[in-house]
Amino acid sequence: MTVDGVGTEQGAGGADEPGWDVDPDDESGVAVVAAVGRQIRAWREAAGMRACEFGAAIGYGEDLVRKVEGGRRIPRPEFLDRSDEVLGAGGRIAAMKRDVAQVRYPKKVRDLAGVEARAVEIAAYVAHGLHGLLQTPGHARALFEARQPSYSEHEVERMVAARMARQSIYERSPAPALSFVQEEAALRRPIGGRLEWRRQLERLLEIGKLRNVTLQVMPTHREAHPGMDGDIDVLKFKDGTAVGRSHGAFNGRRVTDAKQLRILELRYGVIRAEALTPRETLAFIEKVLGET
């Protein structure tokens, strides 16, 4: 099994095409994909088509068709669209794209995105690199490509897509309150090359100007501060509950206890106070962009 359950599909011509295998440890994903596969098989058999005939009609190989029907391969949106058209399902198969979309990304990413989607406030300090909600696709791709052991191209693309999907948080209404503090060094590292570096800085300027976002930079010349031990995240929800995590507190585990959350919030508050103001931060990013 690959790191994130990514595999390949065999097209009608036998060439490898990007595709995602089902992670057997992802129980909810397995259930959804199995249900979708059974529906496609039922429609195919009702149409009196053999798997090889059906595959040829939609432009995929018989092996892939059987894997999808057997719940072993996550069908791509175009697979479902072509299946709906060829089998005359009247949109019933294509409608399953929404269900499949919920399980196309690794479970740990889906869980994180789910928590972020429920939050009405998110506060984050990142000691190294940029927060995932701030990254451009090219920046994220460069990070994943640099990891060791190395990921396959399909794995990289899947993880980049998952990270970018989390950024739909900026489209939410009502918009959540988002606060980020980034170390200066993260803005000066040309990840992905100079052109991508400029895109990333421009993206930070765009996000930093959103009314629901507070973006701050911690200058490198600042002395020791409460974030030196690692990242800090605190997410608050509509019902008054919250969850937090810090690499430098409580063994790095998630906490929901009010006393522990207050400690994280205290540390984050001090970090914000020592960082550049949002206005100073935007001016700083523009300065760095002008130097690239």
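When I say that two residues pack or touch, I mean that they have heavy atoms within 4.5 Å of each other. Hello everyone, and please keep in mind that this is a predicted model.

Let's start with helix H4, residues 77-87. Its buried residues are Phe79, Leu80, Ser83, Asp84 and Leu87. Looking down the axis of H4, you find those buried residues within an arc of 130°, so they line one face of the helix. What do they pack against? The partners of the buried residues of H4 are helix H1 (27-46), helix H2 (51-58), helix H3 (62-69) and helix H5 (97-101). Just after H4 comes glycine 88, with a positive phi of about 60°.

Next, the strands. Strand S5 covers residues 177-183, and 6 of its 7 residues are buried, so the rest of the structure largely encloses it. Who are its neighbours? On one hand, S5 pairs with strand S4, residues 119-126, in the parallel sense over 6 bridges. If you want a residue to look for there, tyrosine 125 stands opposite valine 181 of S5. S5 also pairs with strand S6, residues 213-218, again in the parallel sense and over 6 bridges. Here, glutamine 182 has valine 217 in S6 as its bridge partner. As a general reminder, side chains in a regular strand alternate between the two faces of the sheet.

Now to the nonpolar cores. The largest one has 30 residues, and the members that touch the most other members are Tyr170, Phe180, Leu187, Leu201 and Leu204. Two or more residues each come from S4, S5, helix H9 (184-188), H10, S6, strand S7 (232-237) and H12. There is also a second, separate core of 21 residues, which includes Phe54, Val65, Phe79 and Leu87. You may recognise Phe79 and Leu87 from the list of buried residues in H4.

Let me zoom in on two of those leucines. Leucine 204 sits in helix H10, residues 194-208. Is it buried or exposed? Leucine 204 is buried, at a relative accessible area of 2%. Setting aside residues up to four places away in sequence, leucine 204 touches Leu130, Leu134, Leu187, Leu215 and Ile285. The C-alpha atoms of leucine 204 and glutamate 286 are 9.7 Å apart, although 82 residues separate the two along the chain. As for leucine 201, its contacts beyond four places in sequence are Leu187, Ile285, Val288, Leu289 and Thr292.

That last name brings us to threonine 292, in the segment after helix H12 (278-291). Its relative accessibility is 19%, and buried means under 20%, so threonine 292 counts as buried. Which side chain does the side chain of threonine 292 meet in a polar contact? That would be the side chain of arginine 198, at 2.7 Å. Apart from residues up to four places away in sequence, threonine 292 touches Arg194, Trp197, Arg198 and Leu201.

One last stop, for those of you who like charged side chains: glutamate 116, in helix H6, residues 107-118. Glutamate 116 is buried, with a relative accessible area of 5%. Its side chain makes a polar contact of 2.7 Å with the side chain of arginine 166. Beyond four places in sequence, the residues that glutamate 116 touches are Ile122, His131, Leu133, Arg166, Ile169, Arg172 and Leu235.

That's my tour, so thanks for listening!

Methods. Residues numbered from 1 in each chain as written. Predicted model: local features only at pLDDT ≥ 70, side-chain atom pairs only at ≥ 80, totals over all residues. Heavy atoms only, no water. Helix = DSSP H or I, 4+ residues; strand = E, 2+ residues; numbered from the N terminus. Buried < 20%, exposed > 50% of the residue type's maximum accessible area, 1.4 Å probe, protein only. Pairing = 2+ DSSP bridges. Polar contact = N/O pair within 3.5 Å; in protein donor to acceptor, adjacent residues only side chain to side chain. Arc of directions from axis to C-beta. Core = buried A, V, L, I, M, F, W, Y, C linked by side-chain atoms within 4.5 Å.
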